[in-house]
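Here are some notes for a first look at this model. Have it open beside you as you go through the points.

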Amino acid sequence: MQQIIGEASVRKASDCYIYPRKFGYEISYRVHQKKIVAQQLGFTTGEKLILLFKYLAGMDVSERRKVQIGAASFQYQSGVCRIRLSSVSDYRNHEILVLRFLHSASQTERLQFLFPNQMIKVAEKVRAHGLYLFCGPTGAGKSTTMHHLAQKYSDRQIITIEDPVELEQETFLQLQVNDKIGLTYEKLVKVCLRSRPDLLIIGEIRDAETAKIAIRGALTGHLIFSTLHAMHAHGAIPRLKELGVPKEELRQCLKGVIYQRLIPLVCSRCGEKCQPFCPYLSRNHAVLFDTLFFEEVFKKNETGARWKRLLGKAWARGQITQKTFQNELLYEN
Ligand SMILES: [Zn+2]
């Protein structure tokens, strides 16, 4: 177990899979969308390992068939690591365990930016009261960006509502959504607004109720960060309209949309294509932003062309390959 957590940490893996195969169990890691098979174990050893993880995460060890989700902090040689676990059985009644490694606060510092001045600009703009939305694909580091920005307010009251809490921050009050016992985003936001936080981070606006309460919070003078599913920066307003938010209210409180993606960089060691065990693998991605602030949010403008210019600049500087340039272009429709 120590070995798995240690290895995941060294490789900066996001997930570890303990899967039953024909011969026994296979342990593999996911590092930036790439799957790396690391080890094979017999069925008995694999089952013992899964049992131990489940026990330590407070999961029901006698339940093997149903899907179970747990989370726990595990100690290993070089620190403490927070892990979200999910288990279920396959058709042969062999258990499957997936570990998701949730990043600790210190890892936020490791976020790289394709153009560091973009992050400086974002940090300057997100001060006015109102709602700021962070958009982009899953795994693009939206939560990390929000936490990074929030650290600047660390002397004030910051509340986060997350599902689950992925980045532990000592100076924040962090709440976790639990739909099963009725702790929805909507309910938690209501409670939090009453305690007048200087900054409220809502993990995600994914339904009409959460959208409504987030807008109400922003309209009543709170500073709110949240993520929203949108394909590009100009996709945020149509998405909020879909969730039933009137445009007039948006005009009053939506202060910024920050779209981001994690762009693969050319490796200083391997060149265009990183070897699976390259020590720089985890450093080989950088965030690219497309941002809209204040009146820009409501103006029709060429987000695709702007994005292309920035990617072109990175390509010209040799930071990314031509293939990356082509793959990462944005299409507004
Ligand atoms: Zn490399």
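1. Start with the second largest pocket, which has a volume of about 390 Å³. Keep in mind that this is a predicted model. The pocket is lined by I69, G70, A71, R82, R84, D163, P164, Q176, V177, N178, D179 and K180. Two elements, β4 (68-76) and β5 (79-89), each give two or more residues to that lining. The largest share, three residues, comes from β4.

2. Where does this pocket lie with respect to domain 1 and domain 2? Domain 1 (2-102) and domain 2 (108-327) both give residues to the lining, so the pocket lies between them. As for the make-up of the lining, you'll find five charged residues, four nonpolar ones and three polar ones.

3. Next, have a look at the sheet that β4 and β5 belong to. It is an open sheet of six strands in the order β3-β2-β1-β6-β5-β4, and the pairing is antiparallel. At the edges sit β3 (34-41) and β4, each of which pairs on one side only. From one strand to the next, the twist averages 20°. So β4 turns up twice in these notes: as an edge strand of the sheet and as the element with the largest share of the pocket lining.

4. Within that sheet, pick out β1 (residues 15-20) and β2 (residues 25-31). These two strands run antiparallel and are joined by six bridges. If you want a spot to zoom in on, find D15, which stands opposite R30 in β2.

5. Now for β13 (residues 285-293). How many of its nine residues are buried? Nine of the nine are, and the strand is mostly covered. In a regular strand, side chains alternate between the two faces of the sheet. In β13 both faces are covered: H285, V287, F289, T291 and F293 are buried on one side, and A286, L288, D290 and L292 are buried on the other.

6. The strand β12 (residues 254-264) runs antiparallel to β13, and nine bridges join the two. One pair to look up is I258 with its bridge partner T291 in β13. T291 is also among the buried residues of β13.

7. Last, a helix: α4 (residues 142-150). Why call α4 largely enclosed by the rest of the structure? Because seven of its nine residues are buried. The buried ones are K142, T144, T145, M146, H147, L149 and A150; buried here means under 20% relative accessible area.

Notes: Residues are numbered from 1 along each chain as its sequence is written. This is a predicted model: local features need pLDDT of at least 70, side-chain atom pairs count only at pLDDT 80 or more; totals for chains, interfaces and linings use all residues. Side-chain values use heavy atoms; hydrogens and water are left out. On a 1 Å grid over the protein atoms alone, a cavity is a set of points where a 1.4 Å probe fits but cannot get out, and a pocket is an open set with protein on both sides within 12 Å along at least five of seven lines; lining residues have an atom within 4 Å of a point. Grid points are joined across faces, edges and corners, and a volume is the space filled by probe spheres set on the points. Helices (H or I, at least four residues) and strands (E, at least two) are DSSP runs, numbered from the N terminus. Ala, Val, Leu, Ile, Met, Phe, Trp, Tyr, Cys and Pro count as nonpolar, Asp, Glu, Lys and Arg as charged, and the others, Gly among them, as polar. Domain bounds come from an automatic or database domain assignment. Buried means under 20% relative accessible area, exposed over 50%, partly exposed in between (1.4 Å probe, protein chains only). Two strands pair if DSSP finds at least two bridges between them. Axes are lines fitted to C-alpha atoms, for helices over the stretch in contact, and angles run from 0 to 180 degrees between N-to-C directions.
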